[in-house]
Amino acid sequence: MKTKDITLCALFVALIATGAFIRVPIPYIPFTLQITFVSLAGILLGSRRGALCCLIYMVLGLVGLPIFTQGGGIGYLVQPTFGYILGFIIGAWITGLIVECVANPSYGRLIVASLVGMSVIYICGLIYFYCIANFYLTMSLSVWYVVLSGFLVVLPGNLVCMFFAAYLAKRLMPVTRKIISSDK
């Protein structure tokens, strides 16, 4: 990786970490801006770099930096929300893949990519949330309750964020592509 790639990845790791602290507290799953920055990472940096940013974010949090919504450390593996962090990696990768299919993606394609990536994050997060809550924490939560608290409550805010991310990405793509493609 070149210095510019490392710098861009570090910037998005910092944005995702910052997004964890811009939140609306809701029981179990708070609404944060992390998914917005994950989507932007996938769109602007591409599938590999976007996924790498999310992987670095996860590793930094697991080694103890308090950059997750509720802290950090290896114990976060048993937090019900850790599945969303795993989903960030896959979501950014898929978002980037959808965008990379065409040279100049339209705003509609960016929205679709963001929504598909967000869906993947939610699928990973909800499955993990249900399994950890019921099988490890023995909370006896129903599937409906997990879907309600981990998806439906935060969905409107995240939909708005995905449209905003696509709009912002469309405006920033020429700049980031110029940076990524330059040899200096």
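Start by selecting H2 and H4: H2 passes H4 in a right-handed crossing. This is a predicted model, so treat everything on the tour as a reading of a prediction. Bring up the two axes, for H2 and for helix H4 (residues 82-100), and you'll find they come within 7 Å and cross at roughly 40 degrees. That angle makes H2 oblique to H4, because the oblique class takes whatever is left once angles under 35 degrees, over 145 and from 65 to 115 are set aside.

Now show side chains at the contact. On the H2 side, pick Gln34, Ile35, Val38, Ser39, Gly42 and Ile43; on the H4 side, pick Phe88, Ala92, Thr95, Gly96 and Val99. How do the residues of this contact divide into nonpolar, polar and charged? Colour by class and you get six nonpolar, five polar and no charged.

**Next stop: Ile35**

Keep H2 on screen and zoom in on Ile35, which lies in this helix (residues 34-45). Is Ile35 buried or exposed? Its relative accessible area is 8%, so it counts as buried, the cut-off being under 20%.

Which residues does Ile35 touch, if you skip those up to four places away in sequence? Select Phe88, Met118, Ile121, Tyr122, Asn158 and Met162. Phe88 belongs to the H4 side of the contact you just looked at. Met118 and Tyr122 sit in H5, while Asn158 and Met162 sit in H7. Put a distance label on the Asn158 pair: its C-alpha atom is 7.5 Å from that of Ile35, with the two positions 123 residues apart along the chain.

**On to H5 and H7**

From Ile35, follow Met118 and Asn158 out into their helices, H5 and H7. Select helix H5 (residues 107-136) and helix H7 (residues 155-181): their axes come within 9 Å and cross at roughly 135 degrees. That makes H5 oblique to H7. The handedness of this crossing is right-handed.

For the contact itself, pick Tyr107, Leu110, Ile111, Ser114, Leu115, Met118 and Tyr122 from H5. From H7, add Leu155, Asn158, Leu159, Met162, Phe163, Ala166, Tyr167, Ala169, Lys170 and Met173. Coloured by class, the contact of H5 with H7 shows 14 nonpolar, two polar and one charged residues.

**Down H5 to the loop**

Stay on H5 and move along to Asn134, which is placed in this helix. Asn134 counts as buried, at 14% relative accessibility. Select Met139, Ser140 and Leu141 and you have its contacts, leaving aside neighbours within four places in sequence.

That takes you into the loop between H5 and helix H6 (143-152), where Thr138 is also found. If you have a Ramachandran plot to hand, pull up Thr138: its phi is positive, about 45 degrees, although it is not a glycine. Thr138 is exposed, with a relative accessible area of 60%.

Ser140 lies in the loop between H5 and H6 as well. Its phi is also a positive value in a residue other than glycine, near 55 degrees. At 66% relative accessibility, Ser140 counts as exposed, whereas its contact partner Asn134 counts as buried.

**A second loop: Leu77**

Jump to Leu77, in the loop between H3 and H4. Leu77 is partly exposed, at 32% relative accessibility. Setting aside neighbours within four places in sequence, highlight Leu62, Phe82, Tyr128 and Ile132 as its contacts. For Leu62, add a C-alpha to C-alpha label: it should read 7.9 Å, for a pair 15 residues apart in sequence.

**Last stop: the salt bridge**

How many salt bridges does the structure hold? The count is one. Select Asp5 and Arg49 to see their side chains meet, 3.1 Å from N to O. The pair links distant parts of the chain, 44 residues apart: Asp5 is in helix H1 (residues 3-21) and Arg49 in helix H3 (residues 47-62).

Switch on a surface and check each partner. Asp5 counts as buried, at 8% relative accessibility. Arg49 counts as partly exposed, at 21%, because buried means under 20%.

Note on methods: Residues numbered from 1 in each chain as written. Predicted model: local features only at pLDDT ≥ 70, side-chain atom pairs only at ≥ 80, totals over all residues. Heavy atoms only, no water. Salt bridge = Lys/Arg side-chain N within 4 Å of Asp/Glu carboxyl O. Helix = DSSP H or I, 4+ residues; strand = E, 2+ residues; numbered from the N terminus. Buried < 20%, exposed > 50% of the residue type's maximum accessible area, 1.4 Å probe, protein only. Axes fitted to C-alpha atoms, helices over the stretch in contact; angles between N-to-C directions. Left-handed = near helix turned anticlockwise from the far one by under 90°. Contact = heavy atoms within 4.5 Å. Nonpolar A, V, L, I, M, F, W, Y, C, P; charged D, E, K, R; others polar.
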